[in-house]
Amino acid sequence: MNRHETSPDFWTLANLNPNFLRQCFAAPKFNAAISGKPLQVNSVTYAEGLGMQAPAYFFLNLHKSARQITGKVGIDDASPHGSGSFRLSGFKNGHPVVLFDSQVIYYGEAAKAFSADLTDIEFLSFDFHDNNSSSPAHVDLLEVKISYKNQAPETVPANVQLATKHANWFIGARPGKPLTQLGFGQLSFPGADDVALVTYPHRASANFAVDETLRIIQPDGSHSVALTFKDLDIVFDSANICRYIFHLADPVYPITVDWVVKTYINEDMFVTHLEITNSSAQPVTLLNRDSAFIALPANSPAWVSSFSGGWGDELANLHEELLPHGILRHQNRGAVRNPWPDWPGTIVSFNHPAKENEGEAFAAALAWTGSWQHKFTRLSGGRLMPEKLYFSAGALEEPIQVAANSTYATPELLFTYTPDGGKGQLSRNFHHYAWLGGIYNGQSERRVVLNSWEGVYMKFDEAKIISMMDGAADLGVEMYVLDDGWFGNGKFQRNDDFAGLGDWQINSAKLPGGLAGLIAAAEKRGMEFGLWVEPEMVNPNSKLFEQHPDWAMQTPNRTRLQARNQYLLDLSNPAVEEFVYKSVADILSEYPKIHYIKWDFNCSAYNLGSAQLGNNQGALSDLQNQAYYRIMARLRHNFPLVTFQLCSSGGGRVEFGSMKYHEEFWASDETNGILRIPIQWGYSHFFPANAIASHIGRYGEGDFKLRADVAMTARLGVELSPDAVTEENRATIRQAIKVYKELRPLLHSADLYRGRSPHESPLTELTFVTPDKSAAVLFAFKRNSAAKRENIVLSGLDSNRRYLITEVNPDNEPRLMSGTYSGKELMSIGIPISFPARPSSAVAKLTMIK
Ligand code: DGJ
């Protein structure tokens, strides 16, 4: 010892934090054997030590301040036939070094003494193994002493419990080792089965049975990336939101990964993604990059539900299948428009097909507007190993280069779990998450919109728009939205879809009073004004294309394909990204009274390719989508109070990554009330009512009351020219808007309980119940033409209270009688409703009697 140094301090087992010791069977005992008797090995009794049952392990962070460890280890005399081993390892610069290995120690042998030099050691790992599973090893760790200077050793968690109200995800995190998953679901530690599975299976891991979730081509051509745990940050963003950041590193290549998991404790939501940093001086190529890999409960059969649909029937098809052995993969290669035909969300129900209000279930949705995959891997265990079920999801593996010293973030995967609440509870978890920030301005009040599209398409002039505004104001509309057809000049006037996209100047021939005139006209009629744009596109017939033909996407050396006579702009070019941002930002800056933007996107990725990207063409869709998110983030930052509707020929772009920047989405171009029921039903699994724009339209089946009631279960609006429908129908719309405005605060914050599914029955019900269960609104729809009187059974009420029921939004054929009923009756016998002999609907308000 240097003579200027003071004598060292000592750490002993009394300083160990037992909460961080992982042991499968019981809590460890201080100064006693696990049996409760005094510590005794080979007839020698020890006063000081720790009694455990192997397997067990714990970690110390030495802060590089420790000097020396001494101690003894043995099998306790109360453990006849027991045998086990103890290994002490250190981690120096993230690499493991074995400091002591006891080899197998048997019952009846003398305790083995050990000592080791700890200079420069960062972490110390104590690992106790059982050698003979038929006779558990009671291991005694005795008289341990660690000398240190300055900073005392500290017990660090070896398992991290990512916990929400009803779900736990246990992660084994040992410094210098790969992360493991100990299970997900309703598990309680320490009963969890250690599945010893690396959290991100990759080429250098031992798990060959599942696909790689992460694959990086290193500069030397190797396809491997191996990640070991360095440390963990736990950050409470609020009392309800906790962020875990696991720092992982490849011990060989300069790749680090931050695995981020955000938990919403009350909503049982998990939001996870990876941040992959390439610290080398050369680019690496990223292939597989799943956002998450989750070991789901595997001890029961499981059913998977997925949603599909295309233009006009988005999410209207529900598929449920028993998860087979092997791999089940859902994917979409839409590149920039990904919900058609398959939507990037899934529901898993354990033990039985999904039920609305009961059963263990899991749901996930990928927040990404590009190509994606969801993968279930079911491995049967056989005689010796338990059955396993893994779920992984992420962006599809187009090769992308990650430049030197840069970071790539994967999309977020959102998932939730319920031990017993069925898929209804999963949906409510998603809705609450959306309101808490999963969608932009999740809780802002939504305006009643009249959108001009189906009323006048592009055939209008100023007088027509102003007369529509008169009609809209008379109905009680709060926001007049001028759709496509207001821009482009000269030979590029937008009078049909052959010209004008890209030229975002008002068509002064059609609208001589300009936007200022239209905004003032709306304001005079007590309404706000909104505008349609499709800024990521260009028509070949446009000033923009004449000036910048190279701004449109083009697969090198191929003929350009058109969809709806237009091309996608190439946002991998920063100048184009800036143009798109400015197209909208300039309008909003010049006209601060534009309160609503309908952001459309009507073309798929037909010409994926960019002169910008050289041999990195695989990155284009990724760069395109990231640029769109960036543009939206800038717009939201600068125009936080403008409502941005997400539209893509209807629901062609609806996913949670986009919805971070949008208040609502145009669910479908299908405005037929009856056909819209299964569409909105599909969306309701993941999105709350106030995110789903639904307009009373002029076309299709269903009387106007039914159309209005369908719209009322979402964000109600109107999509017609008021003078084109009869006064009787206008009166129905007027009445519906009045009722909707009264119910809106309840409908847009209530818990949704779905009744019968449109996939199974002509009768479908949706009940919105306030969280305290004091009020509710029931919507019942009958899609066929048979007259029917039926008791409609509700759910989600308080069975011990009574409710007053009144019909709301009635027409001249009352569907139900007012009365009081107990919650119990309503949820078992139901309320009688008479439906007329045509597709029809009924709405009832329930108020709890004090
Ligand atoms: C597609 C949208 O879904 C419609 O509502 C309308 O805005 C048109 N585009 C306009 O071109």
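A residue counts as buried when its relative accessible area is under 20%. The structure is a predicted model.

**Exercise 1.** Decide whether Asn 565 is buried or exposed, and state what is unusual about its backbone.

Solution. Step 1: Asn 565 sits in the loop between α5 (543-547) and β40 (567-568). Step 2: its relative accessibility is 17%, so Asn 565 counts as buried. Step 3: most residues other than glycine have a negative phi. Step 4: the phi of Asn 565 is near 60°, a positive value.

**Exercise 2.** Treat Asp 268 in the same steps.

Solution. Step 1: the loop between β23 (255-264) and β24 (269-278) holds Asp 268. Step 2: with a relative accessible area of 4%, Asp 268 is buried. Step 3: its phi is positive, about 55°, although Asp 268 is not a glycine.

**Exercise 3.** Find what the side chain of Glu 454 contacts, and check for a salt bridge.

Solution. Step 1: Glu 454 belongs to helix α2 (residues 453-456) and is buried. Step 2: a salt bridge requires a side-chain nitrogen of Lys or Arg within 4 Å of a carboxyl oxygen. Step 3: the nearest side chain of opposite charge, Arg 676, is 7.2 Å away, and Glu 454 has no salt bridge. Step 4: the Glu 454 side chain does make a polar contact with the side chain of Thr 671, at 3.0 Å.

**Exercise 4.** Describe the surroundings of the ligand.

Solution. Step 1: the ligand is surrounded by 13 residues. Step 2: by class, six are charged, four nonpolar and three polar. Step 3: a polar side-chain atom of Asp 483 lies 2.8 Å from a ligand oxygen atom. Step 4: the protein buries 97% of the 290 Å² that the ligand exposes when taken alone.

Note on methods:
Residues numbered from 1 in each chain as written. Predicted model: local features only at pLDDT ≥ 70, side-chain atom pairs only at ≥ 80, totals over all residues. Heavy atoms only, no water. Near = heavy atom within 4 Å. Polar contact = N/O pair within 3.5 Å; in protein donor to acceptor, adjacent residues only side chain to side chain. Areas by Shrake-Rupley, 256 points an atom, 1.4 Å probe, with all protein chains shown as cover. Nonpolar A, V, L, I, M, F, W, Y, C, P; charged D, E, K, R; others polar. Helix = DSSP H or I, 4+ residues; strand = E, 2+ residues; numbered from the N terminus. Buried < 20%, exposed > 50% of the residue type's maximum accessible area, 1.4 Å probe, protein only. Lys, Arg positive; Asp, Glu negative; His and termini not counted.
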